[in-house]
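Q: Please take a close look at one part of this model, the open sheet, and describe how its strands are arranged and what lies against them.

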Amino acid sequence: MFARILKNPIAVIGLCIIVLYMGIIIVSQFWLPFDPLEMETINMLQPPSVKSGHLLGTDEFGRDILSRIMGGTGISFLIAVAATALGGAIGTFMGVWSGFLGGAWDRWIMRIADVLFSFPSLLLAIFVMAVLGEHTYNVIIAIAIGYIPQFARISRGAILSIKNNEFVRASFASGARKSYILTHHLLPNIMMPLIVQSSLSLSVAILLESALSFLGLGVQPPNPSWGNMLSSSRKVMILAPWTAFYPGLAIVILVLGFNLFGDGLRDIMDPRLRNIQ
Amino acid sequence: MARYIIRRLLSLIPVLLGVSIIVFFLVRLIPGSALQMYLGTQVEATPEQMEELRRIFGEDRPIPVLYVEWVGNLLRGDMGYSLRTGRQVLPDILQRLPLSIELTILALLMALIIGIPLGILGAIKKNPILDLTIRITGLLGLSLPQFWLASLMVIAFSGIQGLIPMGNYIPFTQAPLANLKMMLLPSLAIGIGLAAVIMRYMRNSMLEVMQQDFIRTAEAKGLKKNIVIVRHALKNAILPVITVAGFNVGYLLGGAIVIEEVFALPGMGRLVLYAIYQRDYPLIQGIVLIIAMMFVVVNLLTDLLYAAIDPRIRLDQKEA
Amino acid sequence: MQNKTLPDKAAHKPGERAPVILNVENLKTQFKTNQGLVKAVDGISFSVHEGEVFGIVGESGSGKSITNLSILRLVPVPPGRYAQGHIHFKDKDLLNVREEEIRMVRGGSISMIFQDPLTSLNPLLKISIQIEEALLQHHKMSKKQARQTAVELLRAVGIPDAERRMDDYPHQFSGGMRQRVMIAMAIGCNPEILIADEPTTALDVTIQAQILELIKSLSDTRRMAVILVTHDLGVVAGTCNTVAVMYAGRIVEQASVDELFANPLHPYTKGLLASVPRIDAAKKRLYSIPGAPPNLIDLPEGCAFAPRCEKATPLCTRAYPPETCSFVHADALGEPRNPAEDKMPVFDDRHVVRCWLYSEGSNL
């Protein structure tokens with residue numbers, strides 16, 4: 001299967017971008033061009049230049065933008081992965097049991113999912129942050145909650161579509177336990193849609209986290225996050241556009257990477273309908 | 001058709017009830033007493049004043065009682081008083097509502113106007129390079145953070161008169177053209193993400209529909225290509241797109257919050273943000289309830305539109 | 001759009017044949033797929049006479065549906081392509097005319113109805129629109145006239161309460177009724193040929209008979225030729241004048257219907273006939289042709305049926321047999337038949353077969 005992924009150009013480009021960012025995270029643990037927290041007000045708002053060493057310029061406190069971008073990568077990635085994993089796990093758990101059990105369980109679980117679904121994810125996240133407090137790690141919970149209904153829906157749908165398959169019925173008939181059937185027959189079939197959804201959720205998580213940081217609810221300054229870099233640049237961005245442009249660009253490229261990867265995966269997943277019968 | 005509408009309207013009531021309960025109780029979860037925040041700015045109060053304040057802030061009664069009171073007041077059109085400003089909540093919200101609604105509607109229109117034609121184009125032209133370009137553009141549109149886009153717009157267009165509404169917003173009723181001019185960029189910033197989604201759905205939907213048998217029948221009748229595409233393919237293909245667009249209005253509202261912040265627009269999104277910062281419970285409740293109602297209405301409209309196009313939904317009887 | 005009343009359409013007397021209106025010559029339609037080149041139609045030729053009901057019989061994958069689509073050039077061009085051949089209709093070669101011209105033929109001179117009337121009708125449009133648009137496309141008439149004509153068409157195909165039913169949607173009709181609507185749509189412009197691609201496969205048996213009856217009567221009253229494609233020999237028996245049997249993209253046998261049933265030559269045809277369950281048969285087991293239909297990508301050099309044929313010889317696998325033609329009334333390769341016993345009018349009294357068993361050069 002890995003080989004199939006490599007054949008799809010879109011997935012490959014996405015994967016390269018993701019790997020690039022992961023590389024930056026690793027590198028940034030050991031080395032950064034400048035200290036992301038070091039303020040040198042003399043140097044403030046310098047445009048990007050190779051000569052000065054500040055490849056992407058400095059912000060209003062004289063901090064090197066490139067270093068801050070690199071520093072922020074780790075946190076954003078961490079939040080995105082954790083939120084997706086958390087929301088995905090809870091949502092999948094709910095969805096699988098909901099689809100499997102059917103009946104009243106199904107209805108009630110999906111009703112909860114629907115209520116969550118009816119809130120705009122950003123609003124929900126803001127709300128949760130307000131309840132929990134403005135700490136970095138609460139962002140994970142805030143975003144994860146919004147993902148529950150998506151994953152629940154997808155996993156439920158996948159379960160429903162194979163629940164009534166012949167081979168599952170045969171398993172039941174030969175007396176296998178419910179949990180056995182679940183793990184051995186049903187789960188492998190839902191892997192693919194879940195992986196695709198996870199990839200897309202990762203991309204949205206980055207966007208949500210940066211939006212929350214932008215609004216002051218996520219990563220708190222002076223710790224660098226792409227979102228709060230943009231927010232603090234608002235006062236000076238007309239004079240010094242690079243303070244706004246590059247952090248945002250970092251977001252766009254990573255999100256695009258996840259999107260490309262997920263889209264490429266979706267390509268592989270769908271049966272190829274191009275052949276004629 | 002009329003029966004369908006009435007049925008849908010009736011089903012709204014329990015939903016709204018449920019939402020109001022959730023909103024009310026969840027809001028109470030926000031830590032930090034509003035009373036404390038209020039007092040924080042004042043000098044100490046006397047015991048009688050405290051008692052009075054506690055009554056006003058509702059801290060002397062259990063929550064369910066407060067809820068019933070709130071609903072009672074709601075039915076009389078009274079949403080309570082803001083804990084911050086002391087003014088009535090409902091009029092304040094209503095004053096800012098039109099802007100947010102306008103922003104959302106414009107964003108939706110932009111998304112449709114950009115997304116649908118591009119999606120159709122992507123489906124009928126069989127050029128693989130165009131295909132790839134459209135696909136990547138679509139994914140790119142999904143990847144743009146709205147606040148970044150908005151910031152770039154501010155940077156790029158702050159020189160041009162009237163295009164950036166920062167600080168000098170003119171309501172629609174006052175000067176329609178000026179208003180539209182300044183709302184153009186903000187709504188574009190919000191709508192681009194949705195435009196990308198719509199474009200992708202439209203394209204996929206068209207591709208699927210074009211494979212269907214009745215398209216072959218239409219061609220076999222000798223109809224012109226345009227008629228086949230518009231009357232037969234498009235009409236069928238647009239149905240899932242309508243559903244998706246309706247679904248994503250929530251996304252637009254979320255975007256409105258951020259965009260209103262960037263462009264300093266006095267809309268509801270910004271209001272709810274500050275209300276949350278300040279723990280202004282009545283205000284938060286009021287806004288969230290109204291947002292929920294808007295959702296429900298949008299949902300209803302989407303369903304109605306769908307039923308208007310698809311006769312299989314609205315016609316109950318099937319004659320043999 | 002008047003119905004012409006004419007004397008009995010088939011002419012038995014030699015020299016007085018109904019004219020040929022469609023001549024398919026060596027048609028080859030292929031598809032490029034990831035697995036290779038699919039030769040769906042691999043060199044078939046046949047002619048259709050005015051007023052003739054011409055049946056094409058074959059299994060799925062035999063290429064019969066693609067033949068139909070090729071006549072109207074409805075095969076999607078990538079991945080399909082018309083590799084070779086000509087389709088002569090009214091001094092034109094339909095494979096070589098401009099898009100404009102073939103569009104005028106479609107629905108106008110040659111119409112087509114499809115297998116599944118539920119999916120072949122646009123679910124979102126009233127059937128009045130779906131019928132009228134065909135009329136308005138090919139003839140200059142006012143909307144009012146178009147509607148009037150559409151109502152008459154519905155009546156002609158046997159839909160009760162036609163005026164009111166015009167404003168209904170496809171899902172409000174039963175399967176049989178829907179197929180009648182499709183037929184109404186197709187005959188609106190009085191086409192010379194109606195191509196019916198498995199028109200009864202998706203219908204109940206009782207309804208099947210009604211629809212076939214309808215098609216036949218329309219063919220009689222309107223002097224309309226019909227190309228009837230099916231996999232069901234029962235359908236062919238009662239309705240068609242001439243039958244061609246297709247296998248793996250080629251016509252392996254063709255004859256008038258009574259001749260084919262009485263005197264099948266090709267082993268495949270014999271197999272098909274033997275597979276039809278008969279109440280009066282003494283045998284207890286149902287016969288089915290052994291083996292499976294071939295993969296159209298790797299067609300063998302020789303006869304495509306050879307792997308399944310009990311009479312196959314090495315020659316059969318080496319080379320494709322040429323066409324052998326005989327005339328029913330001349331000394332046939334079997335017992336001579338009495339044409340007066342034929343139930344269905346004969347349009348073409350040749351009996352053509354492609355099998356080494358009957359070929360003169362093969363010494364079999």
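A: Two strands are taken to pair here if DSSP finds at least two bridges between them, and the strands themselves are DSSP runs of at least two residues, numbered from the N terminus. On that basis, this predicted model has in chain C an open sheet of four strands, whose order is 2-1-4-5 and whose pairing is antiparallel. Strand 2 (36-49) and strand 5 (92-93) of chain C stand at the edges, and because each has a single partner strand, one side of each is left without a neighbour in the sheet.

The partner of strand 2 of chain C in this order is strand 1 of chain C, which spans residues 20-33 and pairs with strand 2 of chain C in the antiparallel sense over ten bridges. Within this part of the sheet, C:Lys28 stands opposite C:Asp42, the latter belonging to strand 2 of chain C.

The sheet also has a helix lying across some of its strands: helix 1 of chain C, made up of residues 64-71, lies across strand 1, strand 2 and strand 4 (80-89) of chain C. With respect to strand 2 of chain C, helix 1 of chain C runs at about 70°, an angle that falls in the range of 65 to 115 degrees counted as roughly perpendicular. Strand 2 of chain C is thus described in three ways: as an edge strand with a single partner strand, as one member of an antiparallel pair joined over ten bridges, and as one of the strands that helix 1 of chain C lies across.

Key
Residues are numbered from 1 along each chain as its sequence is written. Chains are lettered from A and ligands numbered from 1 in the order in which they are written. This is a predicted model: local features need pLDDT of at least 70, side-chain atom pairs count only at pLDDT 80 or more; totals for chains, interfaces and linings use all residues. Two residues are in contact if their C-beta atoms, placed from the backbone, lie within 7 Å. Axes are lines fitted to C-alpha atoms, for helices over the stretch in contact, and angles run from 0 to 180 degrees between N-to-C directions.
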